[in-house]
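User: I'd like a close look at one part of this model, with enough of its surroundings to make sense of it. Start with a single residue, work outwards from there, and please spell out your cut-offs as you go.

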Amino acid sequence: MTAGTKATQSAPIQAHATTPHLPYHPRPLKRGERSRREVFVYFSPRNQRIATIADMVNVALALRLEFDPALSHYIERPRRLKVSDKHEIDITFWTRSKTGQEAFYLVVPDSGTVGSTVGTLSIRDRSVLEAAAQRQGITLHFVTEDELLSSRTWLATAFELLPLVWQYGRLLNRSMIRARIEGLMRNVERTNLSSLLKALDYEPSHVRAVVAAMVHEGSVRLVDYQPGGVDAVLEVPHA
């Protein structure tokens, strides 16, 4: 379900973008950080702004949040955590769900974890980080690099879907295509993307873009999809 050559984001890339009504804003990256770290800049349909994510491990969590239909927003580098008088770190993400629940996430790279003889991982200095967060009145949710890598199939799928979601935002006929898809899926639990393409008299890339947007918002989901696949099984989630 890959995007065509024209499925790229047309919105202008800004160096820094914020959402005024939210309590947190992304800390701008300094010039030195941009030069020594991998920086991924993209338009976030979830946030309706340009997101600037430093380090690939953080991009992995960003994509998970981007395609979480329970969320209304996520913010990268929302605030600093003062670990000691001389040491501060970025909290990786703040999120707000559509029901108003808020959470802070800290990505822990492999260098911040300790393995064991039974194959489990523990977070180095976890008690220190939790104590620092408690002093500042917040609760941290830790996500390890190992945990993110374990979902690499979904991450590859998200990389495929994101350009299609961008394309959806530019389609003039997206409402008509969506209505037809919803009509075809109204009385079935599952269907194939290939079946939709045969049933709909629209440009196949447009149909794929609408399906990707429906996955993004959670109205349909992919079943056992392998990245790069030419077909996909689609399912309507049950509440």
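Analyst:
**From one loop to the pocket**

Asp-55 counts as partly exposed, because its relative accessibility is 25%; under 20% relative accessible area would be buried, over 50% exposed, and partly exposed is whatever falls in between, using a 1.4 Å probe and protein chains only. Keep in mind that this is a predicted model, so local features need pLDDT of at least 70 and side-chain atom pairs count only at pLDDT 80 or more, while totals for chains, interfaces and linings use all residues. Numbering runs from 1 along each chain as its sequence is written, and side-chain values use heavy atoms, with hydrogens and water left out.

Asp-55 sits in the loop between β2 and α2. Helices here are DSSP runs of H or I with at least four residues, strands are runs of E with at least two, and both are numbered from the N terminus. The backbone of Asp-55 has phi near 80°, a positive value in a residue other than glycine.

The two elements joined by that loop lead us to the pocket. β2 (49-54) and α2 (56-66) each give at least two residues to the lining of the largest pocket, and so do β4 (80-84), β5 (87-90) and β7 (102-108). A pocket here is an open set of points on a 1 Å grid over the protein atoms alone, where a 1.4 Å probe fits and protein lies on both sides within 12 Å along at least five of seven lines; lining residues have an atom within 4 Å of a point.

What is the volume of the largest pocket? About 550 Å³, taken as the space filled by probe spheres set on grid points that are joined across faces, edges and corners. The lining has 27 residues, and Ile-89, Asp-90, Leu-106, Val-107 and Pro-109 are the closest to the pocket centre. Sorted by type, the lining has 12 nonpolar, four polar and 11 charged residues. For that sorting, Ala, Val, Leu, Ile, Met, Phe, Trp, Tyr, Cys and Pro are nonpolar, Asp, Glu, Lys and Arg are charged, and the others, Gly among them, are polar.

β5 supplies the largest share of the lining, four residues, so let's zoom in there. Ile-89 lies in β5. Leaving out residues up to four places away in sequence, Ile-89 touches Arg-79, Arg-80, Leu-81, Val-83, Leu-106 and Leu-129; contact means heavy atoms within 4.5 Å. Arg-77, 12 residues from Ile-89 in sequence, is 9.4 Å away from C-alpha to C-alpha.

Val-83 also brings in helix α3 (residues 126-135), where Val-128 lies. Val-83 and Val-128 are 45 residues apart along the chain, yet their C-alpha atoms are separated by 7.3 Å. Val-128 is partly exposed, because its relative accessibility is 40%.

Now for the interior. In soluble globular proteins, nonpolar side chains tend to be buried together. The largest nonpolar core here has 47 residues, with Tyr-42, Ile-181 and Val-211 touching the most other members. A nonpolar core is a set of buried Ala, Val, Leu, Ile, Met, Phe, Trp, Tyr and Cys residues joined through side-chain atoms within 4.5 Å. β2 and α2 turn up again among the elements that give this core two or more residues, a list that also includes α5 (152-168), α6 (174-185) and α8 (204-217). Another core, of 16 residues, lies apart from the largest one, and its members include Leu-81 and Leu-106, two of the residues that Ile-89 touches.

A couple of loops round this out. Asn-47, in the loop between β1 and β2, counts as buried because its relative accessibility is 5%. Beyond its neighbours within four places in sequence, Asn-47 is in contact with Thr-19, His-73 and Tyr-74. Asp-224 makes a handy comparison with Asp-55: its phi is near 50°, again positive in a residue other than glycine, but Asp-224 is exposed, with a relative accessible area of 73%.

For the wider setting, the chain has eight helices and 13 strands, and 43% of its 239 residues are buried. Of the contacts between residues at least 6 apart in sequence, 60% join residues at least 24 apart.
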